[in-house]
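Trainee: I should be grateful for a close look at a single part of this structure, followed from one residue outward to its surroundings. Please keep the account connected.

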Amino acid sequence: MALNGSLQGHKRAENGDMTQGELGERVGVTRQTIAAIEQRRYSPSLETAFRIAKVFNKSLIDVFWFDET
């Protein structure tokens with residue numbers, strides 16, 4: 001699962017430049033996990049992906065997409 005756009009863009013647009021740590025707290029993961037997701041080194045669990053989308057009041061597909069390659 002890859003990001004549709006970027007978490008960084010969503011963090012700025014939706015929540016006034018939210019930090020990785022702040023997003024991690026709201027989602028229930030570490031700052032390092034958010035950083036790894038942003039850098040595409042880690043694919044979040046489905047539950048975590050839904051929680052991230054919920055923070056931004058977006059659908060899952062607005063925040064993430066599945067890359068079949």
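Mentor: Let us begin with Val27, which has its place in helix 2. The model is a predicted one, and the description that follows should be read accordingly. Val27 counts as buried because its relative accessibility is 3%, below the 20% cut-off for that class. When its neighbours within four places in sequence are left aside, Val27 is in contact with Thr48, Arg51, Ile52 and Val55. A further spatial relation concerns Lys54: it stands 27 residues from Val27 in sequence, yet the two C-alpha atoms are 8.9 Å apart.

The partners of Val27 lead directly to the packing of two helices. Helix 2 and helix 4, the latter spanning residues 46-55, pack with their axes 9 Å apart and at an angle of about 115 degrees. The two helices are therefore roughly perpendicular to each other. In passing helix 4, helix 2 makes a right-handed crossing. On the side of helix 2 the contact is made by Leu23, Arg26 and Val27, and on the side of helix 4 by Thr48, Arg51, Ile52 and Val55. Sorted by class, the residues of this contact comprise 4 nonpolar, 1 polar and 2 charged.

Helix 2 also has a packing relation with helix 3. Helix 2 covers residues 20-27 and helix 3 residues 31-38, and their axes lie 8 Å apart at an angle of about 110 degrees. That angle makes helix 2 roughly perpendicular to helix 3, because values of 65 to 115 degrees fall in that class. Helix 2 contributes Gln20, Gly21, Leu23 and Gly24 to the contact, while helix 3 contributes Arg31, Ile34, Ala35 and Glu38. In the contact of helix 2 with helix 3 there are 3 nonpolar, 3 polar and 2 charged residues. Leu23 is thus named in the contact with helix 3 and in the contact with helix 4.

Helix 3 deserves attention in its own right. Its buried residues are Ile34, Ala35, Ala36, Ile37 and Glu38. Ile37, which lies in helix 3, counts as buried because its relative accessibility is 2%. The C-alpha atom of Ile37 is separated by 9.8 Å from that of Ala49, with their positions 12 residues apart along the chain. Just after helix 3, Arg40 adopts a positive phi of about 60 degrees.

These elements come together in the largest nonpolar core, which has 12 residues in all: Met18, Leu23, Val27, Ile34, Ile37, Ala49, Ile52, Ala53, Val55, Phe56, Val63 and Phe64. At least two residues of this core are supplied by each of helix 2, helix 3 and helix 4. Helix 4 provides the largest share, with 4 residues. Val27, the point of departure, is one of the core residues, as are Ile52 and Val55, which are among its contacts.

Finally, the part may be set within the whole. The protein chain has 5 helices and 2 strands, and along the sequence these follow the pattern β-α-α-α-α-α-β. The chain has 69 residues, of which 35% count as buried. Of its contacts between residues at least 6 apart in sequence, 59% join residues at least 24 apart.

Note on methods:
Residues are numbered from 1 along each chain as its sequence is written. This is a predicted model: local features need pLDDT of at least 70, side-chain atom pairs count only at pLDDT 80 or more; totals for chains, interfaces and linings use all residues. Side-chain values use heavy atoms; hydrogens and water are left out. Axes are lines fitted to C-alpha atoms, for helices over the stretch in contact, and angles run from 0 to 180 degrees between N-to-C directions. Angles under 35 degrees count as roughly parallel, over 145 as roughly antiparallel, 65 to 115 as roughly perpendicular and the rest as oblique. Contact means heavy atoms within 4.5 Å. Ala, Val, Leu, Ile, Met, Phe, Trp, Tyr, Cys and Pro count as nonpolar, Asp, Glu, Lys and Arg as charged, and the others, Gly among them, as polar. A crossing is left-handed if the near helix is turned anticlockwise from the far one by less than a right angle, and right-handed if clockwise. A nonpolar core is a set of buried Ala, Val, Leu, Ile, Met, Phe, Trp, Tyr and Cys residues joined through side-chain atoms within 4.5 Å. Buried means under 20% relative accessible area, exposed over 50%, partly exposed in between (1.4 Å probe, protein chains only).
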